[in-house]
Amino acid sequence: MKTVQTIEEFKETTGTGKTLAVFSADWCPDCVFIKPFLPELEQEFNEFTFVYVDRDQLIELCQELDIFGIPSFVAFQDGKEIGRYVDKDRKTKEQISSFINNLPVHANE
């Protein structure tokens, strides 16, 4: 999973195709909990480009997108947000899979 370093890089990455942004931080126990199964989700939902956003490094972006809890997930298609799973609670692999499965992935078609 690619780590986004700047807001510009984030906007460029999410501007084309289907992207799933994972907002997280190294100090967050619930974020550490999801790390082992993120590669499995990337493989399962390979129509999405997964990107990692460190909340502490890109706090302005998180404020702009109303990301107040982590880990959180925001899906984009061609630059438009198509879904979000944003809260401060621990998430299971099944909950994240369900969120992705219920995204309107053909929103612009």
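Welcome to the tour. Begin with the aromatic side chains: the structure holds 4 aromatic pairs. Keep in mind as you look around that this is a predicted model.

**Stop 1: Phe10 and Phe23.** Select these two residues and show their rings. The ring centres lie 6.1 Å apart and the planes meet at 55°, so this pair is tilted. Now colour by secondary structure to see where the partners come from: Phe10 belongs to helix α1 (residues 7–14), while Phe23 belongs to strand β2 (residues 18–24). The two are 13 residues apart, and their pairing links distant parts of the chain. Are they buried or exposed? Phe10 has a relative accessible area of 2%, so it is buried. Phe23 is buried as well, with a value of 0%. Add Phe76 to your selection, and you have one aromatic cluster made of Phe10, Phe23 and Phe76.

**Stop 2: Phe33 and Phe37.** Next, select Phe33 together with Phe37. Here the aromatic pair is edge-to-face, with 85° between the planes and 6.1 Å from centre to centre. Switch on a surface to compare the partners: Phe33 counts as partly exposed because its relative accessibility is 34%, whereas Phe37, at 10%, counts as buried.

**Stop 3: charges over rings.** Stay with Phe33 and add Arg90. The charged end of Arg90 sits over the Phe33 ring, 4.2 Å from the ring centre. For another example, go to Tyr85: Lys91 lies over its face, at 5.2 Å from the centre of the ring.

**Stop 4: the cysteines.** Select Cys28 and Cys31. Cys28 is at 4% relative accessibility, so it counts as buried. Cys31 is buried too, because its value is 2%. The disulfide count for the structure is 0.

**Stop 5: the sheet.** Hide the side chains and show the cartoon. You will find an open sheet of 5 strands in the order β1-β3-β2-β4-β5, with mixed pairing. Which strands stand at the edges? They are β1 (2–3) and β5 (80–85); each has a single partner strand, so one side of each is left without a neighbour in the sheet. Further in, follow β2 and strand β3 (residues 49–54): they run parallel and are joined by 6 bridges. To look at one bridge, select Thr19 and its partner in β3, Thr49.

**Stop 6: helices across the sheet.** Finally, bring back the helices. Helix α1 lies across β1, β2, β3 and β4 (72–77), and runs at about 145° to β2. Helix α5 (residues 93–101) lies across β2, β3, β4 and β5, at about 150° to β5.

Definitions and conventions
Residues numbered from 1 in each chain as written. Predicted model: local features only at pLDDT ≥ 70, side-chain atom pairs only at ≥ 80, totals over all residues. Heavy atoms only, no water. Disulfide = S-S within 2.5 Å. Buried < 20%, exposed > 50% of the residue type's maximum accessible area, 1.4 Å probe, protein only. Phe/Tyr/Trp six-rings, centres within 6.5 Å; stacked < 30°, edge-to-face > 60°. Helix = DSSP H or I, 4+ residues; strand = E, 2+ residues; numbered from the N terminus. Lys NZ or Arg CZ within 6 Å of the ring centre and 35° of its normal. Pairing = 2+ DSSP bridges. Contact = heavy atoms within 4.5 Å. Axes fitted to C-alpha atoms, helices over the stretch in contact; angles between N-to-C directions.
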